[in-house]
Amino acid sequence: MKTIISILTRFVPRRYLQRISHFILRIVAIFYIGNKKECPVCHHKFRKLLPYGRIVKRKNAICPSCLSLERHRLIWLFLERDTDFFSAELKVLHIAPEYCFIKRFKKLPNLDYTTGDLESPLADVKMDIREIPFGENTFDVVICNHTLEHVIEDLQSMQEFHRVLKPGGWGILNSPINEKRDVTYEDTSITDPAEREKHFGQRDHVREYGLDYTDRLTQAGFKVNTRDVIAELSDEETDRFALIHYDTQTAEDLIYFVNK
Ligand SMILES: [Zn+2]
């Protein structure tokens, strides 16, 4: 089972994996009945969550019900506790929408909610984030997580997010970051998927961001305010919501909260 999961997660893009795995995991969830862990996204409780990880397997990573990962549960808690996302009238653009969020965000009566993606069949609008098909100052909120590392012209995409946001608008733009790197590592001559995996950690990544990630967002025009949600939670909450522990968290476990 572990080998099958490992092969699937390595070679099948997550957006497709989410569609096929949903039905299988519904059945798996029956074997995880309990109440030690609680997913803040779907509110289901389990004995434990499913393991996940391409190279290093993490215990209690995937919610068997909604498929949220630690980072999704963290973003949900941030939205709930630190923003007016669930109550204010907001026009929202959500790029590369995560499966665990889509249905729940769509149901929120306060949101005018649009999803966009280059190829995902789950999205409302097929779009290239290097050229977003909306006018400037259109959205109150832009959410785009774990996507910019796939795009060669990432600065152009960040500038597009900035352009379509209204003045005073905000966004969450999280990306994987290797905090051992001060400077982002990228090389556009590396195009072979196996080579990209070797250099950037995944077959479809075009770079590995370093600690200068925030500088890129700033360069695109944003005021960047990184938020450490894990530090604000109690040990009991971190454990119950199955989040990355503050002892092991790194720069990529922060929320990259941006403002225009
Ligand atoms: Zn869940």
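This note walks through two strands and two domains of a predicted model.

1. **Domains.** The domain assignment splits the protein into domain 1, residues 2-68, and domain 2, residues 71-259. Their centres, taken over C-alpha atoms, are 21 Å apart.

2. **Where the domains touch.** Domain 1 gives 13 residues to the contact, and domain 2 gives 13 residues as well. On the domain 1 side, α2 (14-28) and β1 are the elements that supply two or more residues. That side has seven nonpolar, three polar and three charged residues.

3. **Strand β1.** Is this strand, residues 33-38, in the open or enclosed? None of its six residues is buried, so β1 lies largely in the open. A residue counts as buried if 20 or more other C-beta atoms lie within 10 Å of its own.

4. **The hairpin.** β1 pairs with β2, residues 45-46, in the antiparallel sense. Three bridges join them. Ile33 faces Phe46 of β2 across the pair. Six residues lie between the two strands of this hairpin. In the turn, look for His43, with a positive phi of about 65°.

5. **Strand β13.** Now turn to residues 255-259. Four of these five residues are buried, so β13 is largely enclosed by the rest of the structure.

6. **Partners of β13.** Which strands pair with β13? One is β9, residues 165-172, antiparallel to β13 over three bridges. Here Trp170 stands opposite Asn259. Another is β12, residues 223-227, also antiparallel, with five bridges. In that pair, Asn225 has Phe257 of β13 as its bridge partner.

Terms used
Residues numbered from 1 in each chain as written. Predicted model: local features only at pLDDT ≥ 70, side-chain atom pairs only at ≥ 80, totals over all residues. Buried ≥ 20, exposed ≤ 12 C-beta atoms within 10 Å, placed from the backbone. Helix = DSSP H or I, 4+ residues; strand = E, 2+ residues; numbered from the N terminus. Pairing = 2+ DSSP bridges. Domains from an automatic or database assignment. Contact = placed C-beta atoms within 7 Å. Nonpolar A, V, L, I, M, F, W, Y, C, P; charged D, E, K, R; others polar.
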